[in-house]
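Open the model in your viewer and keep the selection tool at hand. We will go stop by stop.

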Amino acid sequence: MATVLGCIADDFTGATDLAGLLARSGAAVRLRMGVPDGPPQDTAGIEVIALKIRTAPVAEAVAQARAALAWLRAAGAERVFWKYCSTFDSTPQGNIGPVAEALMADLGVQQTIYCPAFPENGRAVFMGNLFVGRDPLDESPMKDHPLTPMRDANLMRLLAPQVTRPVGLVDRLCVARGAGALRAELGRLDAAGVAHVVVDAVADADLGVIAEACHDMPLMTGGSAVAAPLPGLLSGGAAEARAAAPDLAPGAVVLSGSCSAMTRAQVSAYLRRAPGYKLDPLVLRTEGAGAALAWLEAQALQDAPLVYATAEPGEVRAAQQALGVAEAGALVEDALARIAVAARDRGARRFVVAGGETSGAVTQALGVVQLDVRREIAPGVPWCFAESGGVDIALTLKSGNFGAESFFADALALVDTL
Ligand SMILES: Nc1ncnc2c1ncn2[C@@H]1O[C@H](COP(=O)(O)OP(=O)(O)O)[C@@H](O)[C@H]1O
Ligand SMILES: O=C(O)[C@@H](O)C(=O)COP(=O)(O)O
């Protein structure tokens, strides 16, 4: 089938979030992990390519995003969506703006919009400022993120240093007047040379207006929620019969490298009902992952044991001071990736993974190249089926701050009903 909408996500949890929301429409959505090696084959109406470029050096992020775009265009996509985090996570150098500008240049467009709002998960944009629940982004737990601490809530201020062309805003007062008013305002800004337009949205109805006004743009950017209405607006996103769910053995493992506030609560809740092993980056540095692997070896996989590096902000800061931010993160990601492979080789077939970077590392180590997206456990977190090392597995990749406190148990309870 020719692809009508091609999506590029900057991390793996973000990609499953986006694919899950697009699939709510019933449209056929194919999720590829990394840019596929060969030319497009067996494509769906909606294609999502998951990259692991949120914290990559800018030039590398841009090169990967451009390669993804070239593949999506070869698949027929004339509309492209650039998905980043609903909390606008980016490093000080920042990849959101440079990737958007590179995609705009390749697509030959002068203007795009930015809307990370995700009301179902408490993310709203008002007067260009991003809120998490009732808190401005920089007063939310995102201020302590291990890799992308967010210290400003103003999206124009965050974006301006990342791009070369002018940044502007369409505020909620305009969005509330409907798609025609929004289109007219975008036209006025375009005539004034404003290339990068932050658009306010506080509720799903605003996102409907934005999608209606902007679905014809060759490039839209944002969180998953503003993309959710697109399948209904673009012809060709037809439904596809689902393959039967694979018969999965009971063994499961829960892996958490996320230190986000919600994951910390989820880890605490899960430790009350399942065995757990805590990774320490300082120990990983000197002794490797041997002790964790030995611990896992002694566990019954039917108990769905948890291996986690999830820690409070003070502990994370101490590890980062001793090892450096990148090294601390890489040690944890490598260890969890090795543990995932060991668990699969011992018979685990259900994987619950918390953390975007963590999910990228685990999925790559498991050699997963494509995910079949199924039902959401919580908004933006679907179960997926995949093939890994010649066996069928179920995998859910949870964004740091998504899901209820009982998420890990909720996920494991749902997987047999898919
Ligand atoms: N105890 C720790 N000390 C330092 N870094 C850690 C620790 N635990 C996890 N990390 C790193 O923090 C990062 C968390 O990012 P990520 O997996 O994307 O989670 P989230 O989805 O919450 O953003 C990862 O690179 C992970 O390896
Ligand atoms: O948009 C979102 O919030 C998520 O899809 C996402 O990208 C979250 O990233 P992580 O918290 O790093 O998993």
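Where does ligand 2 lie with respect to domain 1 (5-233) and domain 2 (252-417)? Ligand 2 lies between them, because both domains give residues to the shell around ligand 2. Keep in mind throughout that this is a predicted model.

**Stop 1: the two domains**

Select residues 5-233 and colour them as domain 1. Then give residues 252-417, domain 2, a second colour. The C-alpha centres of domain 1 and domain 2 lie 26 Å apart. Their contact takes 24 residues from domain 1 and 27 residues from domain 2.

**Stop 2: the domain 1 side of the contact**

Now select helix H1 (12-23) and strand E2 (29-33). Each supplies at least two residues of the side of domain 1 that touches domain 2. H1 gives the largest share of that side, with 9 residues. By class, the domain 1 side holds 10 nonpolar, 7 polar and 7 charged residues.

**Stop 3: ligand 2**

Stay on H1 and bring up ligand 2. Its shell counts 16 residues. Show the closest as sticks: Gly14, Asp17, Gly356, Ser399 and Gly400. The largest share of the shell around ligand 2, 3 residues, comes from H1. What classes of residue make up this shell? There are 13 polar residues, 2 charged and 1 nonpolar.

**Stop 4: ligand 1**

Move to ligand 1 and select its surroundings. Here 26 residues surround the ligand. The closest are Ser258, Gly329, Val332, Gly355 and Gly400. Gly400 is thus listed among the closest residues for ligand 1 and also for ligand 2.

Which helices each supply at least two residues of the shell around ligand 1? Select helix H13 (313-323), helix H14 (325-345) and helix H15 (356-365). Then colour the shell by class: 10 residues are nonpolar, 13 polar and 3 charged. Colour it by domain as well. Domain 1 (5-233) and domain 2 (252-417) each contribute at least three residues to the shell around ligand 1.

**Stop 5: the database span**

Last, select residues 5-229. For this span, an unreviewed UniProt entry lists "domain: Four-carbon acid sugar kinase N-terminal". How far apart are the end C-alpha atoms of residues 5-229? They lie 12 Å apart. Switch to cartoon view for the secondary structure: the span is 35% helix and 20% strand.

Note on methods. Residues numbered from 1 in each chain as written. Chains lettered and ligands numbered in written order. Predicted model: local features only at pLDDT ≥ 70, side-chain atom pairs only at ≥ 80, totals over all residues. Near = placed C-beta within 6 Å. Helix = DSSP H or I, 4+ residues; strand = E, 2+ residues; numbered from the N terminus. Nonpolar A, V, L, I, M, F, W, Y, C, P; charged D, E, K, R; others polar. Domains from an automatic or database assignment. Contact = placed C-beta atoms within 7 Å. UniProt positions renumbered as here; feature names shortened; annotations may be inferred.
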